[in-house]
Amino acid sequence: MTALTDSRRFREAREHEWWRLEEILTEAEKSGVKRLEDDDLLALPILYRGALSSLSVAREISLDHELITYLETLCARAYFFVYGVRTSPWKRLGAFFAQDWPAAVRNLWRETAVSMLFFVIGVAAGYLLVTAEPGWFGAFVPEGLAGDRNFTASREALRATLYDTHAGLSTFATFLFTHNSRVAIFAFALGFAFGLPTALLILYTGAMMGAFFALYASHGLGFELGGWLIIHGSTEIFAIVLAGAAGFRIGWAVVFPGERSRLAAAAESGRSAALVMGGVIIMLLFAGLLEGFGRQLVLTDLPRYAIGLSMLFLWCVYYYLPRRRADG
């Protein structure tokens, strides 16, 4: 009986404040904070702190569960309007493109350099091995990807794959895009395994490209293959390198977690790396458009190189050009 009496007295002493807070919250939820009167705006944080105090007392003296649940809900609603971010979805999207995404990429510059190094090593290894012994070509390039592109093909047949849109180019391009998209996703997702699978994937992707260059260069078509690849590859390969960097960031946190647990370190690194991966998906979409349209319509080498190098320049400017923060 005493507990019931205490609960009733507690309600009577403070419930008028809770009711006013609830009225303000209801109006804010219905019409927005900007529609609140000045008095209500000033009262909102005060009433919120009062509700928190009431909740703390109610828990301490073990008042009835219904009252505690009501106060918890009220405080949770008020928290959003007192401390929550009230920007529109469009502003959040704009902040992602203007600040969050490029800042996350800049923060991974060391891992990006390492990822690019692994890719270059893979390209060099694939090229040198296949040049020295053509039998290595099958070890780096899956049969489904190679198709008729091998060392038994004539120069004319290989050249046709670069300029003739009816020579199986669309199928080959789709295979490349699908493969590279998977590589990017796996390079990030497998980073938790100390970064080793990420390194192997980046090396293998580079080796496959090096093997193709060795094949086409052996027929005097290395420059032409470069134009065929760069129009979309400058974006797509950059995306793979960034995905590898995100994977390396997680792997590094797992190997050297500091004072945190490995799981906590991986989770914290994963949050920043995930921003980069969100951008990687967008880059892959751009690469798909360049692959599906630009490369089919532009059939000469120099314009292909111009488009590909221009895209690389624009990505570098977007990511690494210093800029002010929006709050600065």
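1. A quick word on terms before we start: a helix here is a DSSP run of H or I with at least four residues, numbered from the N terminus. With that in hand, Ile237 can be placed in helix H11, which covers residues 222–255. Please keep in mind that this is a predicted model.

2. Is Ile237 buried or exposed? Buried means under 20% relative accessible area, and Ile237 counts as buried because its relative accessibility is 18%. If you would like a sense of distance in the fold, try Ile237 and Ser56: they are 181 residues apart in sequence, and their C-alpha atoms are 55 Å apart in space.

3. On confidence, the mean pLDDT of the protein is 85, and 90% of the residues score at least 70. Which elements mark the two ends of the range? Helix H5 (residues 109–132) has the highest mean pLDDT, 97, while helix H9 (residues 169–189) has the lowest, 73.

4. Next, have a look at the charged surface. Glu27, Glu37, Asp38 and Asp39 come together there as a patch of negative charge. One of these residues, Asp39, belongs to helix H2 (residues 38–60). Exposed means over 50% relative accessible area, so Asp39, at 56%, is exposed.

5. There is also a nonpolar patch on the surface, about 570 Å² in area, and its members are Phe194, Leu196, Trp252, Val255 and Phe256. As for Phe194, you will find this residue in the loop that runs between H9 and helix H10 (196–217).

How values were computed. Residues are numbered from 1 along each chain as its sequence is written. This is a predicted model: local features need pLDDT of at least 70, side-chain atom pairs count only at pLDDT 80 or more; totals for chains, interfaces and linings use all residues. Side-chain values use heavy atoms; hydrogens and water are left out. Patches are made of residues with over 30% relative accessible area and no salt bridge: like charges are joined within 9 Å, nonpolar side chains (Val, Leu, Ile, Met, Phe, Trp, Tyr) within 5 Å. Accessible areas come from the Shrake-Rupley method with a 1.4 Å probe; for residues, only the protein chains shown count as cover. A salt bridge is a side-chain nitrogen of Lys or Arg within 4 Å of a carboxyl oxygen of Asp or Glu. Lys and Arg count as positive and Asp and Glu as negative; His and the chain ends are not counted. The place of a charge is taken as NZ of Lys, CZ of Arg, CG of Asp or CD of Glu. Buried means under 20% relative accessible area, exposed over 50%, partly exposed in between (1.4 Å probe, protein chains only). pLDDT is the predictor's confidence in each residue, from 0 to 100.
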